[in-house]
Amino acid sequence: MEEVGFLGLGIMGKAMAMNLLRHGFKVTVWNRTLSRCDELVEHGASVAKTPAAVVKKCKYTIAMLSDPSAALSVVFDKDGVLEEICSGKGYIDMSTVDADTSSKISEAITSKGGSFLEAPVSGSKKPAEDGQLVILAAGEKALYEEAIPAFDVMGKKSFFLGQVGNGAKMKLVVNMIMGSMLNAFSEGLVLADRSGLNPQTLLDVLDLGGIANPMFRMKGPTMIQNSYSPAFPLKHQQKDMRLALALGDENAVSMPVAAAANEAFKKARSMGLGDLDFSAVFEAVKGPEKSS
Amino acid sequence: MAMTFVKANQLSTAILTSPPKTTVSTAMAMCSSFSPRITKQFRGRPISSFPVKPLFSGSFKAFSSQATTKADDIPARVGFLGLGIMGSPMAQNLIKAGCDVTVWNRTKSKCDPLVSLGAKYKSFPEEVAASCDVTFAMLADPESAVEVACGKHGAASGMSPGKGYVDISTVDADTSKLISGHIKATGALFLEAPVSGSKKPAEDGQLIFLAAGDRYLYEIVAPFLDIMGKSRFYLGDVGNGAAMKLVVNMIMGSMMASFSEGLLLSEKVGLDPSVLVEVVSQGAISAPMFSTKGPSMVQSQYPTAFPLKHQQKDLRLALGLAESVSQHTPIAAAANELYKVAKSRGLSDQDFSAVIEALKAKLQHQTK
């Protein structure tokens, strides 16, 4: 694969770009805060000053931004992607956004002759570092085929889901389930504790049965210790729940559990926990300390 | 102290060497594989973990007869009350392992397969309890558990010092304590031991026991639990096992409701729900339950491994537990409402994954 551009070196982007470098890809990076590029430069990346400069240099550009407004910004703003995108170039947006944002970006890119693929990922910091992401691509099939070598480095499995919007929707559905599950888990941990049970024992029991899953296994122990070092910031999880609920609204789909989970994430944000790992919703679920 | 060890070991020896009802070779094979495990359990265990003196001299008497060399003549007799989706395979596993099993079920015909495998039958829980050393009970809900244990011709009427009652039904803590009180009033020992796991784990002997109550009885019945299950926990006082089970099933019920929302949403926005199932199975939220039930849910099929009515019962009891400790549980409450809707649509006896129907706009008529 030819030179790849990479826009956005946050928790995810940095790890993903690093993986590409380690596997022999030539990568040119850009980040709004330039200092985050330094480590990648040490590993062989080039730096460009603007998203437009990256696109000018590279046949394919991958973007990994934190939310819809950042994703739109790098495309539409001055010195953005649109200034240099053209026929023969591909833009792969791996940010998690709503379907409308993705469609907007897709239209803008393709109207300038470029090809577009949305490819949000399932997986957080560690899977990103380990190249174990699950990639949910949709849009131009030909670009998907060309991107496979990069996807194989960054992820363990890729899906091509059809038209633009399908990747975004799939990602939101998955994260909606994840957010509700973490809330259910939190309620269980609190109830175990308040009933005089050992929360660690609950973790041990859960890990043996039909509802065992990597998320409980990973987050359970740190939650019990009230430790929430961010692998997936809570504010992003709440954003995803909100977008999923909006999708449900648009299609008149009943989602009472997701709605309740969203409330808990909102409460956690109002408690100032937005930048912590999304498992910090546990603090919101615990509620105020009472003397019983 | 040494006597306590002896009596426990003698009982387990008695169980293992009792004349099997089915093929001798199978039972003996099971015996030899269980023997080392039993020994290991008691090896190195601090004496202080057993009661200083036997709490029930009666029990000592009943088991101490094993101290003679006639261990083979007095097998440990196991009773089993309740042969539903769970009880039937569990009892079968005990019989197949060579245990001496006596069964009872409210609907007598359910006992027939067990009897043809070699189980004995009695007409009332009282008679089962009276003729057995340890009696297990696997009933559907608190009401049945109380009725079988404490009702007319109930198990408690047949219990006495030297016997044990192990209630593996899923009930609330208060019900468990009520039953415990009635059983222990007779001088017998009591253990609650609800299980995590449904039909298939029951058939495969892969259940997880969440036991609490008389520690000594727990140690005695450990070999039986190991036949029926893959792991067991001792959680302390009566009520702790019940609470742990309710917490687990509260999480499970909420997870299934959330998964249902996801499947339905994916379908409504033009995605293939089967692909969602596959995507989920690849990531951090991949759980056996989703992989097992997802495909059939996508087909609107809900073969019953765990009846929806029991899941709703468990959620209701869990919410009761949460209320008793003043805990706010909005997710579980929202999930519970969905199960109630599903019940009102006639889906009580379907698998609990049928909760997805509660989210759908139109009524799906379920044929029997």
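**Entry 1: N213(A)**

I started at N213(A) and listed what it touches, skipping neighbours within four places in sequence: M181(A), M255(B), A284(B), I285(B), S286(B) and A287(B) are in contact with it. Note to self: this is a predicted model.

Where does N213(A) lie in chain A? I found it in the loop between α9 (199-208) and α10 (214-224).

Next I checked whether N213(A) is buried or exposed. It is buried, because its relative accessible area is 0% and the cut-off for buried is under 20%.

I also followed the side chain of N213(A), and it reaches the backbone nitrogen of F216(A) at 3.0 Å. So far, then, I have N213(A) in contact with M181(A) of its own chain and with residues of chain B such as M255(B) and S286(B).

**Entry 2: chain A against chain B**

With those chain B contacts in hand, I looked up the whole interface. I get 55 residues from chain A and 57 residues from chain B in the contact. The two chains bury about 4800 Å² between them, and 77% of that is on carbon and sulfur atoms. On the chain A side, I see E187(A), L191(A) and I211(A) losing the most area to chain B, together 14% of what that side buries.

How many salt bridges are there between chain A and chain B? I count one. The partners are K157(A) and E278(B), and their closest N and O atoms are 3.7 Å apart.

For polar contacts across the interface of chain A and chain B, I get 13 residue pairs, both residues at pLDDT 80 or more. Then I went through the elements of chain A that touch chain B. Each of these supplies at least two residues: β8 (133-139), β9 (155-160), α8 (166-194), α9, α10, α11 (234-250) and α12 (256-270). Which of them gives the most? That is α8(A), with 19 residues. Sorting the chain A side by class, I have 35 nonpolar, 13 polar and seven charged residues.

**Entry 3: domains inside chain A**

I pulled the domain assignment for chain A: it gives domain 1 (3-163) and domain 2 (169-286). Taken over C-alpha atoms, I find the centres of these two domains of chain A 28 Å apart.

For the contact between them, I list 15 residues of domain 1 of chain A and 13 residues of domain 2 of chain A. The two domains of chain A bury about 1100 Å² between them, with 70% of it on carbon and sulfur atoms. I looked for salt bridges across this interface of chain A and found zero. Polar contacts do turn up there, in four residue pairs, both at pLDDT 80 or more. The side of domain 1 of chain A that touches domain 2 of chain A has eight nonpolar, four polar and three charged residues.

**Entry 4: domains inside chain B**

I ran through the matching list for chain B. The assignment splits it into domain 1 (5-237) and domain 2 (243-367). I have 14 residues of domain 1 of chain B in contact with 12 residues of domain 2 of chain B.

How much area do the two domains of chain B bury between them? I get about 1000 Å², 69% of it on carbon and sulfur atoms. Salt bridges across this interface of chain B: I find zero of them. I do get four residue pairs in polar contact between the two domains of chain B, both at pLDDT 80 or more. By class, the side of domain 1 of chain B that touches domain 2 of chain B comes out as eight nonpolar, three polar and three charged residues.

Note on methods: Residues numbered from 1 in each chain as written. Chains lettered and ligands numbered in written order. Heavy atoms only, no water. Domains from an automatic or database assignment. Contact = heavy atoms within 4.5 Å. Buried area = accessible area lost by both parts, 1.4 Å probe. Salt bridge = Lys/Arg side-chain N within 4 Å of Asp/Glu carboxyl O. Polar contact = N/O pair within 3.5 Å; in protein donor to acceptor, adjacent residues only side chain to side chain. Nonpolar A, V, L, I, M, F, W, Y, C, P; charged D, E, K, R; others polar. Helix = DSSP H or I, 4+ residues; strand = E, 2+ residues; numbered from the N terminus. Buried < 20%, exposed > 50% of the residue type's maximum accessible area, 1.4 Å probe, protein only.
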